[in-house]
Amino acid sequence: MTRLKIRSRLTLSFSAITIFAIILCAGTIYPLVKNIVQNNIENELINTTSTVADMVQAAINVSVRNHLRAVSETNLQNIQTIYEEYKSGELTEAEAKNKAEKLILNQKIGKKGYNYCLHSNGSIAVHPNSKLVGINVDNFDFIQKQLALKTGYIEYDWANPNEGDKKAKALFMAYFKPWDWIISASAYRNDFVSLVNAEDFREKIKAVRLGKSGYVFIIGKDEEVIVHPWISGTMKEFYDILGYQVLSDIYQKKNGKIKYNLVDQNSKKNREKIAIFKYLPEMDWIVASSMYTDEIYYPLKQIIYFIIFSIFISLVLALPLSALIGNSITIPINKLVALFSDAAKGNWTTRSKNNSPDEIGVLSRKFNKFMDDFQGIQCNLSTEVATRQESEYQRKLFEEVFNNAMEGITITDFNGNIIKANPAFTTITGYDVDEVIGKNPNILKSNKHGKDFYKTMWEEIVETGHWVGEIWNRRKNGESFPELLSISAIHDSSNETTHYVAVFHDITEMKSKEKQIKYQSHHDALTGLPNRVLLIDRIAMAISRARRQNTKLSLFYLDLDNFKTINDSLGHALGDIILQITANRISEIFGNQDIISRLGGDEFVIMIEDVKDEFHLINQAEILLKAFSKPYKVNGHELYVSTSLGITLYPDDGEDPGTLIKNADIAMYQAKEEGKNGYHMFKQEMHDRIERRLNIENALRQAVNKNEFAVFYQPKVNIKTGKVYGLEALIRWVQPNGEVISPAEFIPLAEETGLIIDIGKFVFKESCIIQREIIEKTGLNLIISINVSGRQLKHHDLIEDIKNIVDNSGCHSKKIELEITESMLMDNTEKTIATLNQISAMGFSLSIDDFGTGYSSLAYLKKFPINTLKIDRSFITDMADHGEDESIVQTIIDMSKNLKLKVVAEGVETKEQAEILKKLGCYRIQGYLYAKPMPINELIPFLINWE
């Protein structure tokens, strides 16, 4: 091969490898493709057979269902006719049912099918076996389906008591409601073989084609031909063509596949076929799909022809392609040889232009590098001259920078003696340059740093070659000053240290500003007192000392009373002066031994350490309050400003600064609630109560937005008639964590925050919507009582909101009662009367809740459009044991009758209480004796079942 040229070697090798690769791939792919083709054809035959079998099965299902449905619906029509005869008086009910039974039992369905009837409770109403009539059979699964559906079609497996294996059975039923009969027509599925007509699907099956000559056929028992493209009658007539053994194998296996030889009717040649068949037991039919195997393998012949053609085309392409690749190698090599010859003749500028990434390209680039090195030798001298010129320029540039820099710069030799310094050095230190040349920089030493400082500094310079940090030095006049210093070691070509360069900057002004900023960040700008940040830091340190020394400390939280009024009326400038005087008064009392801080606004905190007992704190608090009894004389004004104090004690009221400050704040607000101008010691239960109130308030606001409320309804009973006549709508709040918040806890808070407006609107809307649901589901048109709070009654949109809700919900206003507490009536009486008259004019009735606990005047009471009085539960609870409570109840009842008002007793929990009320003439009762408040899903069944 080495005797041949590269081009010839590539052509022969490439052609041989191509042919070998094609033959190898063909030998691998052909068996795989053959297997895939065969499996695909067999799967197609299987799918076709299954599809046809499903088609036949569907025909069976339709025939069975339609036949049973016709029987069942005919029976229903006949029984309806008999029932009309009974309704018209022609027959008695017994005669009508007897006639219907005979009609049902005299019908036969198939060989073993029959009709029967069930009651909805699972008992047999009509059956061919009279012994079974009246027996409950709802323990059978198919009976349970009948009872659930009453009308429709079901299938199930069944075996009579005297039979062995279960067989498929079908049933269609219709429901006759007047007699509660489920009329069922039932029969075994194989009784309906005769109903299936092969003509319904013959043409569809004949239309199925598999390849060129494949087809589908169906044969029945006794070799009967059901469907076949070219055979009719029986298979016996075609034994000479098909062969007896083929049919015998199909009937014996019933499911599976066989291969056999069959003479082609067109070519008269004996060809191999494959048949896949499936058995239909209900029809005793066999569905089969058949196809010649040579049609299956026809595509494989095409593959062989394609492989031979590919080998030929590959040879045609390989020869020119090999020649082309050979040229791509030999031509660049010849060009490179020519370049070497040119260079040998002395042309040092010749270069190869071949930049390809292959070996020839690498060789070309090496050639170019070789030529570049030769040319480089010629340029070295001129380059060295240019480098020296650039170095001189850089030296002059660095000298300008050195002389004009604002930072002081010194250069020392290896021993640390100064050999050069710039003008800025003189400006900063006061030393002339000539004074320090040859001297050590320690002439600037301030003696503010110990030996260890300098030792550590030089160790770092020796180790890393560099040091940066702040240092105190001394000027020529003896003044110490801070500077930011950077020292770097200079090395020669052997990496040996030859010099040191020190660059320093005077940071005296920067330090002064830092100190000022630090002071301002920790002190109040107006009073100069420590602010919150510094206070918390000092408290934390004091707590640490107290913990170590087992002592106590205290915080006074001071807030000026009514300071906002002074600030708003007389101006902030005067308010600032008052705050400054306040800081001075506190400082005069506590001096420097205690920390005094202004948190912001008119709030101050005083920290007292080494507290011996509470009496000392109380004495200090009284001294402080007395100091504020003196008037403030500011700009011609004489003002009296008192203060409220909150006091906490470490560790009793908290073990960290934040908790102590927060609890002192809470105690201060308690002092304000107690009348201001006083002090209050913090107690844990006070903290817990306030914290819970805040938590509930926050959760309450979220609950309104997230609609976490639900409305429960408590029935009201008339014990004289024994009927439920009304309901009271009661709000309930269940938080996402499952905690139930008592209405007694959150309703007052909702009143205070104004959230009661949205909550009340929600209850009113839900109650109006529920009114219609109760009427539709129970038939009861009950009065629903809805509580209206004082905040709601005063709200300007109350009447408009009520109108909108009534219009949108379609509720009956005459069946809605609004309950108002007695105390609300006496608040702005004229406006309340006007509002209640508007509500009454809309058709709503009005009730006074908790009557007897307020202070309403009878003279005013008659002015209100009231319909009902509700006796407060406090009188009902103790009525049986305290005669005076019973007397009060009697008085309220008598007064109601005289005023022509209805009266309701709430909170009734015992029969004894109910009997007393009945004796006193109060028949309308509400309480746990009859029912607790319940959601609507429990209320509806309660009302339906109430008797």
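**Close-up 1. Five-stranded open sheet.** In this predicted model, 5 strands form an open sheet of mixed pairing in the order 17-18-16-21-22, where strands (E, at least two residues) and helices (H or I, at least four residues) are DSSP runs numbered from the N terminus, and two strands pair if DSSP finds at least two bridges between them. Strand 17 (595-600) and strand 22 (679-681) are the edge strands, each pairing on one side only. On average, neighbouring strands of the sheet are turned by 20° against each other, direction ignored; axes are lines fitted to C-alpha atoms, for helices over the stretch in contact, and angles run from 0 to 180 degrees between N-to-C directions. Residues are numbered from 1 along each chain as its sequence is written. Local features need pLDDT of at least 70 and side-chain atom pairs count only at pLDDT 80 or more, while totals for chains, interfaces and linings use all residues, and side-chain values use heavy atoms, with hydrogens and water left out.

**Close-up 2. Strands 21 and 22 with helix 18.** Strand 21 (residues 643-650) pairs with strand 22 in the parallel sense over 3 bridges, and G646 stands opposite H680 in strand 22. Helix 18 (residues 657-673) packs on the sheet, touching strand 16 (552-560), strand 17, strand 18 (603-611), strand 21 and strand 22, with contact meaning heavy atoms within 4.5 Å. The direction of helix 18 makes about 140° with that of strand 21.

**Close-up 3. Loops on either side of helix 18.** The loop between strand 21 and helix 18 holds P651, and the peptide bond from Y650 to P651 is cis, with omega near 0°. In the loop between helix 18 and strand 22 lies K676, a residue other than glycine whose phi has a positive value near 65°. K676 is partly exposed at 34% relative accessibility, a class lying between buried (under 20% relative accessible area) and exposed (over 50%), computed with a 1.4 Å probe on protein chains only.

**Close-up 4. Packing of helix 21 and helix 23.** Helix 21 (residues 756-778) and helix 23 (residues 798-809) pack at an angle of about 25°, with their axes 10 Å apart. That makes helix 21 roughly parallel to helix 23, a term for angles under 35 degrees. K761, F764, K765, C768, I769 and R772 in helix 21 meet D801, I802, I805, V806 and S809 in helix 23.

How values were computed. Parallel < 35°, antiparallel > 145°, perpendicular 65-115°, else oblique.
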